[in-house]
Amino acid sequence: MTADTSSATAKFAPQSTPETEPFWSGCAAGELRLQRCQQCRWFYFPPRPICPKCWSSDVEWNVVSGRATLHSYVINYRPAPGFADDAPYAIAVVQLDEGPRMLSNIVDVENVPEKLILDMPLEVTFEQRGDMSIPQFRPAGAS
Amino acid sequence: MGLRGVAAIIGAAETTRLGKIPDMSVLGLHLEAARNAVADCGIDPHQIDGVATTGSVNITPVSPVVTSHYLGLTPRWIDSTSVGGGSFMMLVRHAAAALATGLCEVALITHGESGRSGVGVPELGADHTSPWAQFERPYGPVGAPSLFPLGVLRFMKETGLTHEQLAAVPVAQRKWAAMNPRALARDPITIDDVLNSRMVSYPMHLLECCLVADGGGAVVMTTAERARDMDLAHPPVYVLGTGESAETPMISQMQDMTSSKAFRVSSAAAFAEAGITQGDVDHLMIYDAFAHNPIYGLEDLGFVNRGEAGDFIASGNTSPGGRLPMNTNGGGLSYAHTGMYGMFAIQESVRQLRGTAPAQVDGVRISVAHGVAAYFAAAGTLVLGNDIP
């Protein structure tokens with residue numbers, strides 16, 4: 001075995017594309033940023049240069065509240081690389097206050113059904129992973 | 001103008017073996033399935049001038065270019081739609097359209113997958129930039145069990161579906177599998193067996209997840225008109241209605257985590273084209289990678305109202321003797337699941353319409369085969385019949 005932690009034991013780190021770079025640089029700055037269409041006022045995610053509702057390209061980046069609720073989840077028993085110490089761990093869909101949903105883990109709380117109640121309030125936090133900062137959600141007021 | 005009754009499946013067969021086939025590659029499974037399906041209808045293979053399978057470039061892992069070359073065929077029409085396991089319903093639809101418009105005269109659609117043994121499967125390259133890689137993969141998903149059931153807890157909260165009702169899905173399908181010697185899991189199970197099986201991805205237990213197998217299947221199609229003049233080993237199975245749709249490459253971005261838009265759009269199109277309603281359906285296949293798929297399917301295809309599917313299955317309506325026989329080969333949960341199961345659902349619909357299924361249902365005239373693709377990313381639906389009503 002080599003000592004290379006980038007593949008076998010490190011958690012997966014994504015890479016941005018030109019269209020998503022402002023999202024990821026926002027995460028690096030500790031901000032959750034979403035695009036909002038300036039024509040129809042629709043917040044959407046994931047990032048793209050065209051509003052999926054009205055096709056306007058007049059879209060702007062906004063720093064959003066980071067408030068969300070727990071929409072649904074699974075508790076996954078077979079860990080991905082780097083997740084062995086977390087297993088079993090929740091893979092969740094969070095409902096952002098501004099409208100869009102995102103995938104997330106649920107951190108700073110035991111990942112058991114009794115502690116993960118649908119619609120419970122959550123807030124964003126950021127996890128450093130290599131060069132990338134990954135948005136994660138935790139119970140609101142947990143810190 | 002629709003596709004109702006213009007095309008027919010004249011040959012249909014699976015690989016000779018199913019389950020663990022470590023001595024055959026993915027490509028080998030495709031070729032055997034093709035040969036078996038051609039033998040099933042008795043045509044000269046060189047009549048085939050349309051070739052389709054999933055797989056979009058020559059190496060991932062088998063495209064229609066590969067199957068054409070290895071089978072010595074020169075296609076005038078090819079299709080490599082590859083959006084998940086329900087792609088085979090779409091390929092049948094596309095083949096029907098190609099046959100209807102004269103793009104080809106005899107079409108071959110093949111499936112082969114070394115899902116269990118992994119023989120002849122190229123390694124996937126590292127993907128760090130696709131939408132999925134950026135916005136879902138960082139959260140530690142490992143295969144289908146970690147993402148496909150993502151909406152089940154929401155479904156339970158909104159509709160009242162219980163864990164016991166979810167567990168009743170594999171119990172019902174195992175009853176069909178028990179009558180099918182080719183099914184890979186045939187021992188009867190109870191709801192307690194399901195709920196006591198190992199947790200794979202809460203709320204899904206092992207027995208609520210599909211089997212993993214090697215195998216394949218193929219169908220041969222031509223126009224209904226040409227089929228009538230051919231000397232065939234089995235009567236044709238007609239394509240009466242077809243539909244397809246797509247929603248999102250990321251399950252977290254479904255508009256509604258408790259209902260598949262692709263299911264609704266695809267099935268509505270197929271039923272409308274066939275000119276049928278749910279009450280006309282004698283036999284139903286709903287691609288079941290996981291126990292919740294038939295529950296979503298029964299509701300989204302309109303067989304039951306919102307929130308009724310769990311009780312409908314638990315009460316025996318889809319079991320042997322029930323009024324809507326469903327997944328009568330045992331399904332992905334008990335028959336076999338190679339990874340892209342759609343071809344096997346179509347095969348069972350054809351067998352039921354021919355009257356040759358191991359667990360044959362009496363009087364099947366209309367069968368629906370509905371395929372889910374890449375979780376709830378996309379869907380394809382076929383209404384098949386042994387007559388053109």
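I count a residue as buried if 20 or more other C-beta atoms lie within 10 Å of its own, as exposed if 12 or fewer do, and as partly exposed in between. What I am reading is a predicted model, and I keep that in mind for each entry below.

**Entry: one loop residue of chain B**

I applied the cut-off to B:Glu308 and found 17 other C-beta atoms within 10 Å, so B:Glu308 is partly exposed. I then looked up where B:Glu308 sits, and it lies in the loop between helix H10 (292-300) and helix H11 (309-314) of chain B. From B:Glu308 I went to B:Ile295, which is 13 residues away in sequence, and the two C-alpha atoms are 8.7 Å apart in space.

**Entry: chain B as a whole**

I listed the secondary structure of chain B and obtained 13 helices and 11 strands. I next asked what radius of gyration a compact globule of 389 residues would have, and the value is near 21 Å; chain B has 19 Å, which agrees. The C-alpha trace of chain B spans about 55 × 50 × 40 Å along its principal axes. I also looked up burial in chain B, where 62% of the 389 residues are buried. For contacts in chain B with a separation of 6 or more, I noted that 78% come from residues 24 or more positions apart.

**Entry: the two domains of chain A**

I took chain A as divided into domain 1 (19-64) and domain 2 (65-143), and I found their C-alpha centres to lie 21 Å apart. The contact between them takes 10 residues from domain 1 of chain A and 13 residues from domain 2 of chain A. On the domain 1 side, the elements that give two or more residues are helix H1 (21-28) and strand S2 (43-44) of chain A, and the largest share, 3 residues, comes from H1(A). I sorted that side of domain 1 by class and got 9 nonpolar residues, 1 polar residue and no charged residues.

**Entry: helix H1 of chain A**

Since H1(A) gives the largest share to that side of domain 1, I looked at its burial residue by residue. The buried residues of H1(A) are A:Phe23, A:Trp24, A:Gly26 and A:Cys27. Why do they count as lying on the same side of H1(A)? They cover an arc of only 155 degrees around the axis, and that puts them on the same side of the helix. The face turned away from this buried side carries the exposed residues A:Glu21 and A:Ala28. I then asked what covers the buried residues of H1(A), and the cover includes strand S1 (33-37), strand S7 (121-129) and strand S8 (132-139) of chain A. After H1(A) comes A:Gly30, and I noted its positive phi, near 75 degrees.

**Entry: strand S5 of chain A and its neighbours**

I went through strand S5 (89-96) of chain A and found it mostly covered, with 8 of its 8 residues buried. In a regular strand the side chains alternate between the two faces of the sheet. I therefore checked the two sides of S5(A) separately: A:Tyr89, A:Ile91, A:Val93 and A:Gln95 are buried on one side, and A:Ala90, A:Ala92, A:Val94 and A:Leu96 are buried on the other. S4(A) and S5(A) run antiparallel and are joined by 8 bridges, and A:Ser72 has A:Val93 as its bridge partner in S5(A). S5(A) and S6(A) also run antiparallel, joined by 4 bridges, with A:Gln95 standing opposite A:Arg101 in S6(A). These two strands, S5(A) and S6(A), form a hairpin with 4 residues between them, and A:Gly99 in the turn has a positive phi of about 125 degrees.

**Entry: where chain A meets chain B**

I looked up the contact between the chains and found 28 residues of chain A in contact with 28 residues of chain B. Strand S4 (67-76), strand S5 (89-96) and strand S6 (101-104) of chain A each supply at least two residues of the chain A side, and the largest share, 6 residues, comes from S4(A). By class, the chain A side divides into 18 nonpolar, 8 polar and 2 charged residues. Finally, I checked for strand pairing across the chains: S4(A) and strand S5 (residues 199-202) of chain B pair in the antiparallel sense over 2 bridges, and in S5(B) the bridge partner of A:Asn76 is B:Ser201.

Terms used
Residues are numbered from 1 along each chain as its sequence is written. Chains are lettered from A and ligands numbered from 1 in the order in which they are written. This is a predicted model: local features need pLDDT of at least 70, side-chain atom pairs count only at pLDDT 80 or more; totals for chains, interfaces and linings use all residues. Two residues are in contact if their C-beta atoms, placed from the backbone, lie within 7 Å. Ala, Val, Leu, Ile, Met, Phe, Trp, Tyr, Cys and Pro count as nonpolar, Asp, Glu, Lys and Arg as charged, and the others, Gly among them, as polar. Two strands pair if DSSP finds at least two bridges between them. Domain bounds come from an automatic or database domain assignment. The radius of gyration is taken over C-alpha atoms; the globule rule is 2.2 Å times the number of residues to the power 0.38. The arc is that of the directions from the helix axis to the C-beta atoms.
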